[in-house]
Amino acid sequence: MSGMNVEEATPVRRSFAAHIFAPIKITWDQFIDLLVPFRHSTHIRRHAASVTISRVQLVAALFAVLVPVCSILDWFVFPWPEWAQMTLMRFASSLVFVTLAWPWNTTKSRLQADLMLVAMLLVPPVFYLISIRIISGLQLDPFAMLATKLYALMPNIVLAGLAIFPLTALEVLLFAIPAFAFAIVGYGMNGETLSLVQHGPELWLMVLVMGVAMFSGMSQLHYMAALVNRAMIDPLTGAYTRRSGGETLDLLFRLAALQNAPMAVAFFDLDKFKSINDTYGHDEGDRALKGLAERLKSGLRKGDVLVRWGGEEFVAILNNTDAEGARIVVQRLRDAGFGLRPDGSPLTASIGVAERTADNAKDWPELVEAADQRMYQAKRGGRDRAILPGDVTLVFGPPIG
């Protein structure tokens, strides 16, 4: 790699990223997203949280039943009162699992998912350490010794359990650290001195299990992200679909209402788009739509969202933007141009703008409806213009008939 320039190195990285998860196609940027969670979109974070919570609830429900049932084993292999203490600990663990499995009516956030996952992962190793304390010093028969050896596998069970969750490599590593820590503490509680010869193979096995869990979690996350993106992104224009746009509007509107912050939407409708399809064909119409979407996305801020509302209609969600800010945005977008028609003349659009506080909108459908009505008002007024709250009109060019 030292003899490669940047241009030569980039295709190598892309090839590596494309083949490491074969037959799943993946770009280098997507591979980076599988290593760390910081660049994921809101939709992917919310979906990953929902999947994580549902799987925590499923696993917790299973363990809520299986853990106390296994107390039968303790009755046979441990003497009194140790088996009673083990049974009590099992029922306490089951209570934790029941709490995690309970269908609480809460917003499924990433923080909630992480906290639930951490709580579930901590139960087995904590159970392991307490069991060491309970049975330490006992003279155990072979069956009891076998049971204690099985309890010592609890950290490995935790690492293996990570494989069922859509996690990045960094998240798997962070969730795995407590398992390694509990395993090492367990060695000390058993009176063992940490030794590379004695404990190295066990720790190496744990590393291998963590590696498998890491690869599985990354693969699940990539597959989930691909499905989410396919459902939320319009394949022609790269804008959000109406369904995903509606979800984004709902989230941003509620946040704006809670913070009493402004929020605007701009409704764009290409003027005389039907004539492009009728005269030049649908391929030219598709090119016009792609060109408009590219120019709109390039002119919007990073926190804004472009939605293909339907056909030649687009909605720009202008977060934390008041009516005056929306006017500046619309003017800037129109000055940059919307592209060209097949005959070389400029594409124009009729635009309606609505803002949450200025229009006293109670919910996001009401906000979009106000922008939609102003868009039609702009179209009736001569096209190539924008209507804003307070009947403010921006006329960009002469009427085009």
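# A walk around the sheet and its helices

Start by selecting β2 and β3, which make a hairpin with two residues between them. In the turn sits glycine 311, with a positive phi of about 60°. Keep in mind as you look around that this is a predicted model.

Stay with the hairpin for a moment. Its two strands run antiparallel and are held by five bridges. For one facing pair, pick leucine 306 and look across to alanine 316 in β3. Is β2 mostly covered or not? Colour it by accessibility and you'll find that five of its six residues are buried.

**Zoom out to the whole sheet**

Now show the six strands together. They form an open sheet, and reading across it you pass β2, β3, β1, β4, β5 and β6 in that order, with mixed pairing. Which strands stand at the edges? Those are β2 (305-310) and β6 (392-395); each has a single partner strand, so one side of each has no neighbour in the sheet. Turn the view to look along the sheet, and you can follow a twist that averages 20° from one strand to the next.

Next, select residues 263-270 and 349-355. These are β1 and β4, which run antiparallel and are joined by seven bridges. To see a facing pair here, click phenylalanine 268: isoleucine 351 in β4 stands opposite. If you show side chains along the strands, here is a handy rule: in a regular strand they alternate between the two faces of the sheet.

**Over to helix α14**

Select residues 323-336, and you have helix α14. You can check its length yourself: at 1.5 Å a residue, its 14 residues should span 20 Å, and the end C-alpha atoms are indeed 20 Å apart.

Which residues of α14 are buried? Highlight Gly325, Ala326, Val329, Val330, Leu333 and Arg334. Look down the axis and you'll see that they cover an arc of only 165°, which puts them on the same side of α14. To find what they pack against, bring up β1, α13 (282-299), β3 (313-319), β4 and β5 (385-388). Before you leave, step just past the end of α14 to glycine 337, which takes a positive phi of about 90°.

**A pair of helices**

Two packed helices are described by the angle between their axes and the distance between the axes. Try that on α12 (residues 273-280) and α13: their axes come within 7 Å and cross at roughly 145°. To light up the contact, select Phe273, Ile276, Asn277 and Tyr280 on α12, then His282, Glu284, Gly285, Ala288 and Leu289 on α13. Colour that selection by class and you get five nonpolar, three polar and one charged residues.

**Two loops with a positive phi**

Go to the loop between β4 and α15 (364-380), where you'll find asparagine 360. Asparagine 360 is not a glycine, yet has a positive phi of about 50°.

There's another stop like this in the loop between β5 and β6: aspartate 391. Aspartate 391 is also not a glycine, and its phi is positive at about 60°. Is aspartate 391 buried or exposed? With 56% relative accessibility, aspartate 391 counts as exposed.

**On to the edge strand**

From that loop, move into β6 and click threonine 393. Threonine 393 is partly exposed, with a relative accessible area of 40%. Which residues does threonine 393 touch, leaving aside its neighbours within four places in sequence? Show Ala386 and Ile387, which are both in contact with threonine 393. Then draw a distance from the C-alpha of threonine 393 to that of arginine 374: they are 19 residues apart along the chain, and the distance comes to 9.9 Å.

**A stop on helix α10**

Now select residues 196-232 to bring up helix α10, and pick out arginine 230 within that helix. Arginine 230 counts as exposed, at 68% relative accessibility. Its partner for a distance line is tyrosine 240, 10 residues away in sequence, with 9.9 Å between the two C-alpha atoms.

**Last view: the whole chain**

Finally, show everything. How many helices and strands are there in the chain? The chain has 15 helices and six strands. Of its 401 residues, 46% are buried. And if you take the contacts between residues at least 6 apart in sequence, 69% of them join residues at least 24 apart.

Definitions and conventions: Residues are numbered from 1 along each chain as its sequence is written. This is a predicted model: local features need pLDDT of at least 70, side-chain atom pairs count only at pLDDT 80 or more; totals for chains, interfaces and linings use all residues. Side-chain values use heavy atoms; hydrogens and water are left out. Two strands pair if DSSP finds at least two bridges between them. Helices (H or I, at least four residues) and strands (E, at least two) are DSSP runs, numbered from the N terminus. Axes are lines fitted to C-alpha atoms, for helices over the stretch in contact, and angles run from 0 to 180 degrees between N-to-C directions. The expected span of a helix is 1.5 Å times one less than its number of residues. Buried means under 20% relative accessible area, exposed over 50%, partly exposed in between (1.4 Å probe, protein chains only). The arc is that of the directions from the helix axis to the C-beta atoms. Contact means heavy atoms within 4.5 Å. Ala, Val, Leu, Ile, Met, Phe, Trp, Tyr, Cys and Pro count as nonpolar, Asp, Glu, Lys and Arg as charged, and the others, Gly among them, as polar.
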